[in-house]
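Visitor: I have a model open in front of me and would like to learn how to read it. Could you walk me through it?

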Number of protein chains: 2
Amino acid sequence: MRPTLKDVARHSGVSIATIDRVLNQRPGVRQEMVDRVETAMAQLGYVRDISAADLSRRQASRFVFVIPDGPNSFMQRLAAEIETLRQFPSNNRMEIVLHKVPPFDGGALARVLNQLNPDTCSGVAVVAAEAIAVRDALARLKALSLPVVTLVSDVPAFPRDAYVGIDNVAAGRTAARLLGRFLGERKGKIALVAGSMLVRDHVERRMGFEQVIAETPGLDCLPVLEGRDDSRLVQRMLKECLSSHPEIVGLYNMGAGNRGLIETLSALPPTRRPQVVVHELSEHSRLALNEGLVDAIIHQDAGHEVRSALRILKARIDKTPLLQGQDQIRIEIYLNENLPSATS
Amino acid sequence: MRPTLKDVARHSGVSIATIDRVLNQRPGVRQEMVDRVETAMAQLGYVRDISAADLSRRQASRFVFVIPDGPNSFMQRLAAEIETLRQFPSNNRMEIVLHKVPPFDGGALARVLNQLNPDTCSGVAVVAAEAIAVRDALARLKALSLPVVTLVSDVPAFPRDAYVGIDNVAAGRTAARLLGRFLGERKGKIALVAGSMLVRDHVERRMGFEQVIAETPGLDCLPVLEGRDDSRLVQRMLKECLSSHPEIVGLYNMGAGNRGLIETLSALPPTRRPQVVVHELSEHSRLALNEGLVDAIIHQDAGHEVRSALRILKARIDKTPLLQGQDQIRIEIYLNENLPSATS
DNA sequence: CTGAAAGCGCTTACAG
DNA sequence: CTGAAAGCGCTTACAG
C-alpha cells in the first residue's frame, strides 16, 4: 500500500493538519516542522491522493470555455464536445461552462473574459483572437492566477499557460506536400480558399502551404479567396475562379465552407476536376472523399482538444504533472482508406 | 450540488447501506425497497461518485498487461508506455502489472493467462495470438468474469470485451493508396516486407494492401519477404530482392525491422530508390522520412492504446459508460511535414 | 504555530 | 432483510 498522510504523521511525529499545511504550501509553519515533514515524505515516497483531496475539499472546480459562435462547423463540433464532457457522469466534482461569443470580435471576447474571476471560475480555455483587448484580458486572468489555455487558435505573444491545438504552419505544409505528391509531374495553378486572412490559423496555414509550393517547380498559388466560412460565398467565388483559370490543377481549402466547395466540384466535368485537399472531417467532407471529389482531409480532433485542455487546467490547479504525449494534438491526414468509423 | 446517497436516503426513507446494496446490485433486498430506492434515484438524478467509491473500497484494482517480448520495437514502445503509466502518480488506487511472454508462442501466452485469477487481478489487456490454448485461456477469464481487452492484435473469434488497436486491413489499404498516389503514372513491381505471415495483423495488412494494388493498373506485388522483425534478415532479403528485380518502384514494410530496410535503401543510388511506406514512427523511421528515404509512415499511438485499454477495463468494472470516440485508435499517416515534435 | 475532530461520498463489516 | 457506525485519504474550521 502507498503511504498516506497518516504514515507521514507517524514517521515525522507531526500532526496531519500540519503536514497538510506543508503539502499545500500554506503559511504559518516553522521551518523545522517543514523540514521534518519533507524528509518523512521523501523517505516514504509519499504521493498525494488527488481524488481524496478533491473529495474533502467539497468545492468543485469550474472550467470555463469561451469559443466563437457562428456557422463554422469546426467550432460547432468543439461546442458539442464540450457539451458531451459537461454531461459526462464520471467527471464528478468538475463543472464545465461554455460561453459563446461573436466570431471575429476581439472586443466581445475580451468582455466575457473580463467577467471571470476566481470565485466563479477555476480555469479558462479560450479560442483566442488577436486583439489588444484580448491580451489585456488574458493579462488580468494571469494576475488573478487563473490558469488559461488557448484552444485551436493561439496567440503566442499573449500570456497563457499552454496552447492546445495543431501547428497550423505545419498543417499548411502537410496539405501542400500531399497535393504536390498527388499531382506528380502535372503543372499548373493552385486555388486557395480561406475563411478570413484576419484569423491567425488561416494565415499560418497559408504561409506553410506557400512555403512548400514555392519549392515545387511547375506549381503556383493563386491569390486567396476569402470565403468567410460561408458555403454560398465560397461556392460563388470558387466557381468564378475555376472558370477564369482553366490552368488550375489543385485546390486547398484551409477554412470552413466545404459544402459550397464540394457542390462546385461536383458540378465540374470529371476530367476538369483538380486535386483537392480540405480541412476538417465532417459528414460532408467524408462523403466527398468517398466520392473522389476530395483527395485528402487534414483534421484535428475536437474531442481530444477539449479533453486535453481540461487535463492541462486541472494539472495546473493540482500542481500535478502531465502524461508525456497525451496532450499533443496531431495533424491527422485522412484518405478514403483510413477514415474512422462514421459514428465517432 | 449533485445529490448524494444521503439525499437518496432522505428522499426514499431507506438507509444508506441498503441503497448501496441496490446500487451495487447485491442480493438480499426486498423488491419494495429496491423500487423505492430506484424511484428516488431517478427523481433526484443521482449519479454515483466513482472516485469516492474507489476510495472507500480501499482495495486497488490491478490491471495486468501481457505483451510479447523480443526485438519488435513497437512492442518495446508499448512496454515503455505501460511502465510510464504504472509509475504515474495520479493513477492512485490502480496498480499495473506487466508480463512479457516469448513472441509467436501461443502456449507460453496461455500459460501466463491461466495463472491469473480475480484475487490478484481485476482486468487483463493482452496482445492476442491465434492459438487454441489462447482461446481457452480467454474463455477461462471470461468464466471468472474478468474483463479482457485485446491489444494491437485482435482475434475477433475469441472471447474478449473489446479490441484496442487499429483495423489492419484498413491500414494496409491506406499504405497501398498512398503508394499508388505517390507513384502516379509509374508502373512496376512492389516489394512487400512482413514480420511473419503467421501473425494476424501482418496478414490483414497484406490483404488490404493487395486489394488496393489489384485495382491499380500497372502495379503488381512481389511475394512477401518474411523478415521476422529482424533488421539483419530484412536487410539481406531486401537487398537481394531489389537487385534481382530492377522493375521495383514501390516498397511496403508492414512489420518491424525498419532499420535494415533503411540501410538497404540508403545504399541504393538515388535514381533507383523506390517509393516507400513503412509502419511505426520511431527514431529511425523519422530520420529516414527526413532524408527522403521513406515517403510516408503509417502509425498507431502506443500510449493511446495503453490508456484506452485501461479506461475500457476500468469502465467495465465500474459499469460506467465510455466517452464516445476517445478510445478509437486512429490509423495515423505521417509525412515529413506533420511529424509530431521529437520528444513525444 | 500546532493539533484534534468533523466531514467529503462512498463501502464494509457487524448487529439486530 | 435492514441499519448504525467506522473508515478510505484528504481538508477545513475551530481550539488552544
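**Reading the DNA contacts and a helix pair**

Guide: Happy to. Keep in mind that this is a predicted model. Let us begin with a contact to DNA: a phosphate oxygen of DNA strand D is 3.0 Å from a polar backbone atom of B:S15.

Visitor: Which elements give two or more residues to the surface near DNA strand D?

Guide: In chain A they are α1 (5-12), α2 (16-23) and α4 (50-57), and in chain B they are α2 (16-23) and α4 (50-57). The most comes from α4(A), with five residues.

Visitor: How many residues surround DNA strand D, and which are the closest?

Guide: There are 29 residues around DNA strand D, and the closest are A:D20, A:Y46, A:S56, B:R21 and B:M33. Sugar and phosphate make up 71% of the strand D atoms that come within 4 Å of the protein.

Visitor: What do the side chains of A:S56 and A:N24 do there?

Guide: A:S56 has a polar side-chain atom 2.5 Å from a sugar or linking oxygen of DNA strand D. For A:N24, a polar side-chain atom lies 3.4 Å from a phosphate oxygen of that strand. By class, the surface near DNA strand D has 12 nonpolar, seven polar and 10 charged residues.

Visitor: Now for DNA strand C: which residues come nearest?

Guide: A:R21, A:M33, B:D20, B:Y46 and B:S56 come nearest, out of 30 residues around DNA strand C. Of the strand C atoms within 4 Å of the protein, 70% belong to sugar or phosphate, and the rest belong to bases.

Visitor: Where should I look for polar side-chain contacts to the phosphates of strand C?

Guide: Try chain B. A polar side-chain atom of B:R48 lies 3.0 Å from a phosphate oxygen of DNA strand C. An N or O atom in the side chain of B:N24 is 3.4 Å from a phosphate oxygen of this strand, and B:R26 also has a side-chain N or O atom 3.4 Å from a phosphate oxygen. The elements giving two or more residues to this surface are α2 and α4 of chain A, with α1 (5-12), α2 and α4 of chain B. Here α4(B) gives the most, with five residues.

Visitor: And how do the residues of the surface near DNA strand C divide by class?

Guide: They divide into 13 nonpolar, seven polar and 10 charged.

Visitor: Let us leave the DNA. How do I describe two packed helices?

Guide: Two packed helices are described by the angle between their axes and by the distance between those axes. Take α8 (residues 168-183) and α9 (residues 200-214) of chain B: their axes come within 6 Å and cross at roughly 40°. The two helices, α8(B) and α9(B), are therefore oblique to each other.

Visitor: Is the crossing of α8(B) and α9(B) left-handed or right-handed?

Guide: α8(B) passes α9(B) in a right-handed crossing. Residues making the contact include B:G172, B:A175, B:A176 and B:L179 of α8(B) and B:E204, B:G208, B:F209 and B:V212 of α9(B). By class, this contact has seven nonpolar, four polar and five charged residues.

Note on methods: Residues are numbered from 1 along each chain as its sequence is written. Chains are lettered from A and ligands numbered from 1 in the order in which they are written. This is a predicted model: local features need pLDDT of at least 70, side-chain atom pairs count only at pLDDT 80 or more; totals for chains, interfaces and linings use all residues. Side-chain values use heavy atoms; hydrogens and water are left out. A residue is near a molecule or strand if one of its heavy atoms lies within 4 Å of it. A polar contact is a pair of N or O atoms within 3.5 Å; within protein, one must be able to donate a hydrogen and the other to accept it, and residues adjacent in sequence count only if both atoms are side-chain atoms. Helices (H or I, at least four residues) and strands (E, at least two) are DSSP runs, numbered from the N terminus. Ala, Val, Leu, Ile, Met, Phe, Trp, Tyr, Cys and Pro count as nonpolar, Asp, Glu, Lys and Arg as charged, and the others, Gly among them, as polar. Axes are lines fitted to C-alpha atoms, for helices over the stretch in contact, and angles run from 0 to 180 degrees between N-to-C directions. Angles under 35 degrees count as roughly parallel, over 145 as roughly antiparallel, 65 to 115 as roughly perpendicular and the rest as oblique. A crossing is left-handed if the near helix is turned anticlockwise from the far one by less than a right angle, and right-handed if clockwise. Contact means heavy atoms within 4.5 Å.
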